[in-house]
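Here is a short round of questions and answers on one model. Each answer sets a value against its definition.

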Amino acid sequence: MSPIELTKERGVVLSNVAKTFGDEFDLIPVIHDCSFKIEDGQFTILIGPSGCGKTTLINLIAGYERPTSGRISCDGEEVRGPTRDRLVLFQETSLFPWMSVLQNVMYGPVVQGRKKSAQSEAVELLSKVGLQDFRDKYPNQLSGGMQRRAELARTLINKPRILLMDEPFRGLDAMTRQLMQEYLLKLFEGSRQTILFVTTEIDEAILLGDSLVLLSSAPTSVRECIRVDLPRPRSASMLTTQRYAQLKSKVLAILYQEALQSFASGSRAAADMIEAFELRHQAGEP
Amino acid sequence: MTAVEANISRSMPTRVWRRIARYLTLELFLGIVSIGTIAVLWEFANPLGIPVLSNLPPLSEIVRTSQQLLTSDLYWDGWLLSIRRITSGFLLAQLIGVPIGLLMALHRASFEAAFPIVEILRPIPPVAWIPISILFWPTRELSVIFIVFLGAFWIVLLNTIGGASNVDPNYRRAALSLGSTPRDMFWRIILPATIPSIVTGMAVGMGIAWEMVVAAEMVAGRTGLGYLLWQSLEINAIAQCIICMISIGIAGFLSSEIIRLFGSFVAPWQRMH
């Protein structure tokens with residue numbers, strides 16, 4: 001191993017990442033200068049107002065899109081496209097509906113040419129997420145929570161360096177959501193699988209995360225990073241502790257400011273309209 | 001949690017069956033009542049003075065005539081030949097339409113090159129092709145098959161293009177991240193994701209194919225159910241005419257059932273809700 005490789009920075013690092021959509025004369029800046037680090041074995045949370053470009057950040061880190069400027073690196077190597085080092089759990093289920101649950105979980109190993117060795121591992125993973133009796137079902141025969149867990153198994157069998165979760169529990173009912181959070185906590189605390197988790201829920205963020213990256217409204221930048229120093233293993237009962245309340249009010253204050261700002265920038269359109277209306281009346285039209 | 005889920009999966013079939021059973025009895029009852037009503041109205045249309053229906057011979061006469069027709073070779077050959085034409089034209093349309101559709105959906109240059117031609121030719125109703133088809137093809141048989149082919153071709157082409165270019169981008173992304181080669185992407189993701197659209201295209205295409213075979217046989221055929229139908233007009237045999245119409249209806253219904261079965265065979269995940 002060369003000395004350069006030894007000094008490689010572990011984990012995923014974003015430095016001055018910006019992303020702009022649109023053509024030359026109609027540019028829409030979505031991400032404006034984002035820098036943060038996702039440390040190995042840590043549960044990192046991205047939280048921010050809705051529509052602030054969190055999904056775009058996930059797409060950039062996964063390698064589905066390239067940043068307009070700045071650099072994203074994984075273990076010191078620049079991210080140039082999707083690989084199985086960085087796997088995404090999407091907002092909507094992306095289980096292949098034409099494959100059984102087991103076939104879905106086996107998809108990665110099959111296309112990577114290690115079908116035989118992965119078979120027993122797939123079965124084991126399925127029982128770990130409580131789906132051992134559903135391996136031959138199609139995804140649309142499963143409930144929402146079961147689909148999420150099947151998808152989790154499909155990513156975990158590939159042993160990704162980092163698991164990117166884009167609001168994975170959105171759309172689940174409150175009970176299922178809580179169950180899924182408990183599953184994920186148990187899984188993380190057992191394996192220390194590096195996770196980047198996007199959410200808009202403050203409770204979920206503090207319950208799950210080791211560090212919170214608070215994002216500004218679009219164009220997105222990092223507003224603040226907060227460490228969650230609640231002890232592990234965690235459980236929902238921590239939501240009533242005083243430390244939790246402190247953290248929550250801190251996060252809430254920052255997000256409230258961000259919301260105010262996006263509201264202020266949103267109302268600019270209304271100001272424009274009033275101005276145009278007044279100008280027209282000054283021109284002397286009846 | 002697991003116990004609850006296992007319980008759900010066990011009780012599913014009984015619940016589904018119960019629902020089907022209830023649905024069937026009501027449906028069956030209403031169906032029999034409505035068909036029976038029409039049969040009675042038809043039979044007694046003349047004494048009852050019902051307009052339109054009273055111009056037809058009563059149902060019992062049709063049934064009597066049908067015995068004669070249903071035992072003739074002419075009638076059964078008609079079935080056989082029409083089915084053969086449908087099968088050839090329809091299968092050709094799938095064999096050519098599906099690959100071209102996939103190519104057009106996945107290869108930009110092919111799409112740009114072929115799309116103008118498709119858009120010029122597609123609005124021409126297949127029936128309008130009958131004259132040139134008779135002139136162009138050496139036999140009448142081939143021209144009828146060609147018209148059937150055209151009837152099914154455009155719809156399967158468009159459905160394949162639509163299906164293959166609207167594959168959920170998250171499926172592609174997930175497959176890409178998990179290490180798919182372009183080959184895997186085509187055979188394991190895009191093709192299966194397109195199958196439901198292709199089957200829909202087949203179901204619609206089969207309907208059009210039957211319309212086309214009847215029209216083409218009327219104009220260009222010397223045999224087949226469509227020809228028999230036209231011939232009954234020329235010899236003024238209303239009963240034969242009606243039997244041919246009903247036969248074509250049954251044939252069309254059976255064909256769509258076959259497509260439906262085929263669909264649930266190639267896309268089993270679609271009926272598993």
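A residue is buried if 20 or more other C-beta atoms lie within 10 Å of its own. This is a predicted model.

Q: How many of the 273 residues in chain B are buried, as a percentage?
A: Buried residues make up 30% of chain B.

Q: Why are α4(B) and α10(B) called oblique to each other?
A: Start with the angle. Helix α4 (residues 73-106) and helix α10 (residues 225-234) of chain B pack at about 135°. Their axes lie 7 Å apart. Angles over 145 degrees count as roughly antiparallel, and 65 to 115 as roughly perpendicular. The angle of about 135° falls in neither range, so the pair is oblique.

Q: Which residues make the contact between α4(B) and α10(B)?
A: From α4(B) come B:Leu74, B:Tyr75, B:Gly78, B:Trp79 and B:Ser82. They meet B:Leu225, B:Gly226 and B:Leu228 in α10(B). By class, this contact has five nonpolar, three polar and no charged residues. Gly counts as polar here.

Q: What is the secondary structure of chain B?
A: Chain B has 11 helices and zero strands. From the N terminus on, every element in the run is α.

Q: How does the radius of gyration of chain B compare with that of a compact globule?
A: Chain B has 24 Å. A compact globule of 273 residues would have a value near 19 Å. The C-alpha atoms of chain B fill a box of roughly 75 × 60 × 30 Å along the principal axes.

Q: What share of contacts in chain B between residues at least 6 apart in sequence joins residues at least 24 apart?
A: That share is 71%.

Conventions
Residues are numbered from 1 along each chain as its sequence is written. Chains are lettered from A and ligands numbered from 1 in the order in which they are written. This is a predicted model: local features need pLDDT of at least 70, side-chain atom pairs count only at pLDDT 80 or more; totals for chains, interfaces and linings use all residues. Axes are lines fitted to C-alpha atoms, for helices over the stretch in contact, and angles run from 0 to 180 degrees between N-to-C directions. Helices (H or I, at least four residues) and strands (E, at least two) are DSSP runs, numbered from the N terminus. Angles under 35 degrees count as roughly parallel, over 145 as roughly antiparallel, 65 to 115 as roughly perpendicular and the rest as oblique. Two residues are in contact if their C-beta atoms, placed from the backbone, lie within 7 Å. The radius of gyration is taken over C-alpha atoms; the globule rule is 2.2 Å times the number of residues to the power 0.38. A residue is buried if 20 or more other C-beta atoms lie within 10 Å of its own, exposed if 12 or fewer, and partly exposed in between; C-beta atoms are placed from the backbone.
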